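I sat down with this one to see what I could look up by eye and by number. My notes are below, in the order I took them.

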Amino acid sequence: MDMSKIFLKGACPTPIGGQAVMEGIMMRGMERTAIAVRLPDNRIHLKTERNTQSSKWMKIPLIRGVVSFIMSLVEGTKTLTYSADVLEYFMEDDEEDEEPGKFESWLVRHFGEQAVWNFMLAFSVVLALVFSIAIFVLLPTVAVNWLDKMVGNDILLNLIEGVLRIAMFILYIVIIAQMKDIKRVFEYHGAEHKTIHCFENNLELTPANAQQFYTLHPRCGTSFLMFVLVISLILFSLLGWPSLMWRIISRLLLLPVIAGLSYELLKWAGRSDNWLVEALSVPGLYLQKLTTREPDDSQLEVAICAMKAVLVPADEECVEGICDLDGKIIEPLAIDRDRDEEEDDESDELEDDEGEEETENENDIEDLEEQ
């Protein structure tokens, strides 16, 4: 791994960041966010929206790391869901999903599709948090508990717990990386990094220019997760090896501190290129080798569209629709849940009206026959 191709001399770090989604890329700039998705017919659907005003908490060191983590989790889940909705919207009729179940239909009918979607989004975020904390924070300390009588050294016990936690997380990444859809997401993740590298080095945003860069980037969220794992190992070791219950409680209470420290370390690593930063970034960069893949030119085109869409002047209107390779809308087309729901309701009402008319006609014919 050539560090000079990751910490590029002369590059101008940008606050623009991104996220790989289903068959696409999300780029978040200073003023707006863009989501570009490659459709089944090879066109690109683009949506931009203005960013909400930053919370006052984002100005306070350490605390902003916790806020940023929660916001990233919520926005990330929302963006992934939106990209899936876009792909579903443009599916051919023979590829459409099954009809929703009775319970889902009842929820939509009584609360509205948007309310149900918001609930499912919140539920997904909470479920992801609970799953992550249970598997990667609590399970390792429970699993190592039986070594208490065999290993008398508190530091060694904490070291074993931390190494087990890191190993479990890496194994999880390796397993999900075998899934076809996840492989595609990891390729778009690589396209995101290459595009940001290209922009930070003041090169024209083209697939050819972007391809010359690594898929690894020092400000990646994957590195943040590795910082979390390493910092948790250090902090937990300072607490000794109390009872299992106290260990569980202490690990839960320290999670915000770990998230805050990891965020500050990631920000520092993103704007520095000295030897210490490079050394601290190595574990996260190696983890990125698992979460990124080499993209093809078509995936880079999507990432470049998203990048160009957030580089427009601040006073330009937000857009949604089919775009060209420069991120310019050539066919306005909004993906609107409520509109689709209303159209379905109107279609059902039309079918009901037609059914009533047919029944009335049949009754009239029967009356004439009787006469």
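These entries go from confidence to the sheet, then to the helices and two odd loop residues.

**Entry 1: how far to trust it**

I started by reminding myself that this is a predicted model. I looked up the average pLDDT of the protein chain and got 80. I also noted that 78% of the residues score at least 70.

Which element has the lowest mean pLDDT, and which the highest? I found helix 11 (residues 337–370) at the bottom with 49, and helix 10 (residues 297–310) at the top with 95.

Then I hunted for the weak stretches. I saw pLDDT stay under 50 over residues 93–97, where the model has two contacts beyond four places in sequence. I found another such stretch at residues 338–349, with seven contacts beyond four places in sequence.

**Entry 2: the sheet**

In what order do the six strands sit? I read 1-2-3-4-5-6, in an open sheet with antiparallel pairing. I marked strand 1 and strand 6 (329–332) as the edge strands, since each pairs on one side only. I noted that neighbouring strands are turned by 25° against each other on average, direction ignored.

I took a closer look at strand 4 and strand 5 (residues 320–323), which pair in the antiparallel sense over four bridges. I picked out Ile44 and found that its bridge partner in strand 5 is Cys323.

Next I asked what packs on the sheet. I found helix 1 (residues 63–89) there, touching strand 1, strand 2, strand 3, strand 4 and strand 5. I got about 45° between the direction of helix 1 and that of strand 1. I found helix 10 packing on the sheet too, where it touches strand 2, strand 3, strand 4 and strand 5. Its direction makes about 155° with that of strand 3.

**Entry 3: helix 5 against helix 10**

I stayed with helix 10 and checked it against helix 5 (residues 180–200). Their axes come within 9 Å and cross at roughly 55°. That angle is why I wrote down helix 5 as oblique to helix 10. I noted the crossing as right-handed.

Who makes the contact? On the helix 5 side I listed several residues, including Arg184, Tyr188, Ala191 and Phe199. On the helix 10 side I wrote down, among them, Leu300, Val302, Ile304 and Met307. I sorted the contact residues by type and got nine nonpolar, two polar and four charged.

**Entry 4: helix 4 against helix 9**

I tried a second pair, helix 4 (residues 154–176) and helix 9 (residues 275–291). The axes come within 9 Å here as well, and they cross at roughly 25°. So I put helix 4 down as roughly parallel to helix 9, because angles under 35 degrees count that way.

I saw Phe169, Ile170, Ile173 and Val174 of helix 4 meeting Leu287, Leu290 and Thr291 of helix 9. My tally for this contact is six nonpolar, one polar and no charged residues.

**Entry 5: two positive phi angles**

I had to remember that most residues other than glycine have a negative phi. I still found Glu23 with a positive phi of about 55°, although it is not a glycine. I located Glu23 in the loop between strand 1 (17–21) and strand 2 (24–28).

Where is Asn42 found? I traced it to the loop between strand 3 (32–38) and strand 4 (44–50). Its phi is near 80°, a positive value in a residue other than glycine.

How values were computed
Residues numbered from 1 in each chain as written. Predicted model: local features only at pLDDT ≥ 70, side-chain atom pairs only at ≥ 80, totals over all residues. Heavy atoms only, no water. pLDDT = per-residue confidence, 0-100. Contact = heavy atoms within 4.5 Å. Axes fitted to C-alpha atoms, helices over the stretch in contact; angles between N-to-C directions. Parallel < 35°, antiparallel > 145°, perpendicular 65-115°, else oblique. Left-handed = near helix turned anticlockwise from the far one by under 90°. Nonpolar A, V, L, I, M, F, W, Y, C, P; charged D, E, K, R; others polar. Pairing = 2+ DSSP bridges.
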